[in-house]
Amino acid sequence: MDRTEQRIVQRTGTAVAALLAADAALHLYWATGLTWPAADSRALSQAVLNADVPFTPPVVLPLAVLLLAAAAAVLARAHGLGGPRTARLCRLATAAVAAGLLLRGAVGIVWACGPGTDPGSAFRLLDQVLYTPLCLGFGAAAARAAGLRPHRAVRDFRRG
């Protein structure tokens with residue numbers, strides 16, 4: 001990897017890690033019982049998940065830990081930290097983050113077409129203007145940080 005590509009991987013990986021850490025911070029905040037930016041826990045659950053799920057410590061703390069671990073793995077991958085085993089594990093974790101974000105983004109595109117969400121809901125609006133674009137953009141960034149790029153076909157001109 002040349003220096004330009006290395007800088008791109010570092011920047012994109014750092015951005016993805018920052019997003020994951022910010023999401024973890026929100027989950028830690030919600031674990032305290034506070035519901036910002038919603039008025040109550042039901043409104044928060046509907047806006048974030050389009051379902052009634054309790055935002056209690058047993059639910060949100062494991063998610064916060066997972067998000068922080070993912071952020072650390074992506075950051076370590078982007079900056080080449082750790083030995084060979086750690087590097088492989090962090091690359092795999094970064095690829096898993098990319099796959100998860102891109103899958104969530106793809107589901108958001110399906111929801112935007114109508115099935116599964118109420119057209120007038122807060123979730124639908126948030127999904128279309130925030131969740132899906134963030135997932136697709138940061139999913140692509142995580143894929144880049146993981147080193148997952150489409151292979152370009154090489155044409156052998158000697159064969160005609």
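This passage looks at the overall build of the protein and then at its aromatic pairs.

The model is a predicted one, with an average pLDDT of 92 and 93% of the residues scoring at least 70. It's a helical affair: five helices, zero strands, running α-α-α-α-α along the sequence. Among the helices, confidence bottoms out at a mean of 95 in helix α2 (residues 41–49) and tops out at 98 in helix α3 (residues 57–79).

The C-alpha atoms fill a box of roughly 65 × 40 × 20 Å along the principal axes. Of the 160 residues, 29% count as buried, and carbon and sulfur atoms supply 67% of an accessible surface of about 10000 Å². Looking at contacts with a separation of 6 or more, 66% come from residues 24 or more positions apart. As for charge, the protein carries 16 positive and 8 negative charges, whose mean positions sit 16 Å apart.

A search of the whole structure turns up three aromatic pairs. Trp 30 and Phe 55 form an edge-to-face pair, because their planes stand at 80°, with ring centres 5.2 Å apart. This pair ties helix α1 (residues 3–31), home of Trp 30, to the loop between α2 and α3, where Phe 55 lies 25 residues away. Both Trp 30 and Phe 55 are buried.

Trp 111 and Phe 123 are also edge-to-face, with centres 5.4 Å apart and planes at 70°. Here the link runs from helix α4 (residues 84–112) to helix α5 (residues 122–146), the two residues being twelve apart. Trp 111 is partly exposed at 24% relative accessibility, whereas Phe 123 is buried at 2%. Ring pairs also bring in Tyr 131, making a cluster with Trp 111 and Phe 123.

How values were computed: Residues are numbered from 1 along each chain as its sequence is written. This is a predicted model: local features need pLDDT of at least 70, side-chain atom pairs count only at pLDDT 80 or more; totals for chains, interfaces and linings use all residues. Side-chain values use heavy atoms; hydrogens and water are left out. Helices (H or I, at least four residues) and strands (E, at least two) are DSSP runs, numbered from the N terminus. Buried means under 20% relative accessible area, exposed over 50%, partly exposed in between (1.4 Å probe, protein chains only). Contact means heavy atoms within 4.5 Å. Accessible areas come from the Shrake-Rupley method with a 1.4 Å probe; for residues, only the protein chains shown count as cover. Lys and Arg count as positive and Asp and Glu as negative; His and the chain ends are not counted. The place of a charge is taken as NZ of Lys, CZ of Arg, CG of Asp or CD of Glu. pLDDT is the predictor's confidence in each residue, from 0 to 100. Rings of Phe, Tyr and Trp (its six-membered ring) pair if their centres lie within 6.5 Å; planes under 30 degrees apart count as stacked, over 60 as edge-to-face and the rest as tilted.
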